[in-house]
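Subject: Handing over the model

Hi,

Here is the structure I promised to pass on. Please open it alongside this message, and I'll walk you through what turned up.

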Amino acid sequence: MASSRLGVGSRGLPPPPPLLLLLLLLGPWPAAGHGGKYSREKNEPEPPPQREPGGEFRMEKLNQLWEKAQRLQLSPVKLSELHADLKMQEREEFAWKKLKAEGLDADGERAAKLLRNLSVILAKYGLDGRKDAQAVNSNYLSDTAEDDSLGDPKLEKLWHKAKSSGKFSSEELAKLWRELQHHREKVHEYNVLLDTLSRTEETRENVISPLDVSRVKEDVLYSKHAELKDRLRAINQGYDRLRQVSHRGYSAEAEFEEPRVIDLWDMAKSANFTEKELESFREELKHFEAKIEKHNHYQKQLEISHQKLKHVESFGDQEHVSRNKEKYAMLEEKTKELGYKVKKHFQDLSGRISRARHNEL
């Protein structure tokens, strides 16, 4: 492998779910000899996707993951984050199915990306069946960190140094804590992608059918190492910045506050944007940051509503319980909606940066 694993904590990251499990979740590959331009399969309408009454998603496999997450009793905020991730996965899978029906993605590049994305989701929310899977905390609910454990000695050292330096206000400490958590999440995703790609390479010659992962050409698999190198470079640059911040504190000229926006801005400045395009991108990032702040606000309100509902339910006042359930359902739906919009906006902005970087070549 061209890139190396980044350790998080003493035990490290557990391996992702088996590749064949992901293949079953992704769906069958097209059979040989079918799918021609004038074949019956191409010209007959595709049957509508299976959907249980009241199901959250159009795809049954995603409904199964959603139901499993609810059985695991994830927090309301984590459930809303998972809901947004699954909505994005569903959107990408339907787009891929359309490409496949048109005879595109012959090398399986988009299919491989879907496998990697699903692997990240399964590992991120503990849906891969591994009890020791590291759960990445992306809730950003508390203004101060109640749990100082980041699972990474280097990050914890930066955090404790900043806390004891006296250079940070309580708001700045909350901001730094969010950035450290975000960095931990990036490391986690990098390691999942690294393991998934490695397993794909190791098993492409030994799969049951020559029409599944082996369709992903070797040059496509190896091209993904460039993506891993970019991620690793961004992680290293992000850590260097966090190290400087923990020593010096935040400057008054900080452009943005949200970790995802900071990452995008740093990448945009190194992309092939003209000055006018970069200024336009800066303004869009301001709107994106406002959208994230609104989403964070609803996440906080959702958690408060959840705690209040549990308290009210213990007293048995049905009218009071009913009112709180109604408010909780409204907040839950709004949080899901905003979460999806944030994820989609982030994906769109990241795509613009990637295209700008591609134009440099």
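When I say that two residues touch, or are in contact, I mean that they have heavy atoms within 4.5 Å. Keep in mind that this is a predicted model.

With that in hand, start at Ser80. Which residues does Ser80 touch, not counting residues up to four places away in sequence? They are Gln299, Thr335 and Lys336. Ser80 itself belongs to helix H4, residues 76-101, and Lys334 is 254 residues away from Ser80 in sequence but 9.4 Å away in space, C-alpha to C-alpha. Is Ser80 buried or exposed? Its relative accessible area is 1%, and the cut-off for buried is under 20%, so Ser80 is buried.

Next, Asn324, which is in helix H11. Asn324 also counts as buried, at 7% relative accessibility. Its side chain reaches back to the backbone oxygen of His320, at 2.8 Å. If you leave aside neighbours within four places in sequence, the contacts of Asn324 are Ser305, Lys308, Leu309 and Val312.

Now the nonpolar cores. The largest one has 16 residues, and the members that touch the most others are Phe273, Phe281, Leu285, Phe288 and Ile353. Three helices each supply at least two residues of this core: H9 (259-269), H10 (275-313) and H11 (318-358). Of these, H9 gives the most, with five residues. Take Phe273 as a way in: apart from neighbours within four places in sequence, Phe273 is in contact with Ala268, Leu278, Phe281, Arg352, Ile353 and Ala356. There is also a second, separate core of 15 residues, with Met59, Leu82, Leu86 and Leu118 among them.

H9 deserves a look of its own. Why call H9 largely enclosed by the rest of the structure? Because eight of its eleven residues are buried. Those are Pro259, Arg260, Val261, Ile262, Asp263, Leu264, Trp265 and Ala268, so you'll find Arg260 and Asp263 on a list of buried residues.

On to the rings. How many aromatic pairs does the count come to? Six. One of the pairs is Phe168 with Tyr250, which is edge-to-face, with 5.9 Å from centre to centre and 90° between the planes. This pair links distant parts of the chain, 82 residues apart: Phe168 sits in the loop between H6 (153-165) and H7 (170-203), while Tyr250 sits in the loop between H8 (218-248) and H9. Both partners are buried, Phe168 with a relative accessible area of 11% and Tyr250 with 14%.

Tyr250 has another partner as well: the charged end of Lys175 sits over the Tyr250 ring, 4.1 Å from its centre. A similar arrangement can be seen at Tyr239, where Lys154 lies over the face at 4.6 Å from the ring centre.

Last, an item from the records. An unreviewed UniProt entry places the feature "coiled-coil region" at residues 271-298. In the model, that stretch is 86% helix and 0% strand, with its end C-alpha atoms 33 Å apart.

If you want somewhere to begin, I'd go to Phe273 and its contacts, which include Phe281 and Ile353, and then look at the Phe168 and Tyr250 pair.

Over to you!

Note on methods:
Residues numbered from 1 in each chain as written. Predicted model: local features only at pLDDT ≥ 70, side-chain atom pairs only at ≥ 80, totals over all residues. Heavy atoms only, no water. Core = buried A, V, L, I, M, F, W, Y, C linked by side-chain atoms within 4.5 Å. Buried < 20%, exposed > 50% of the residue type's maximum accessible area, 1.4 Å probe, protein only. Helix = DSSP H or I, 4+ residues; strand = E, 2+ residues; numbered from the N terminus. Phe/Tyr/Trp six-rings, centres within 6.5 Å; stacked < 30°, edge-to-face > 60°. Lys NZ or Arg CZ within 6 Å of the ring centre and 35° of its normal. UniProt positions renumbered as here; feature names shortened; annotations may be inferred. Polar contact = N/O pair within 3.5 Å; in protein donor to acceptor, adjacent residues only side chain to side chain.
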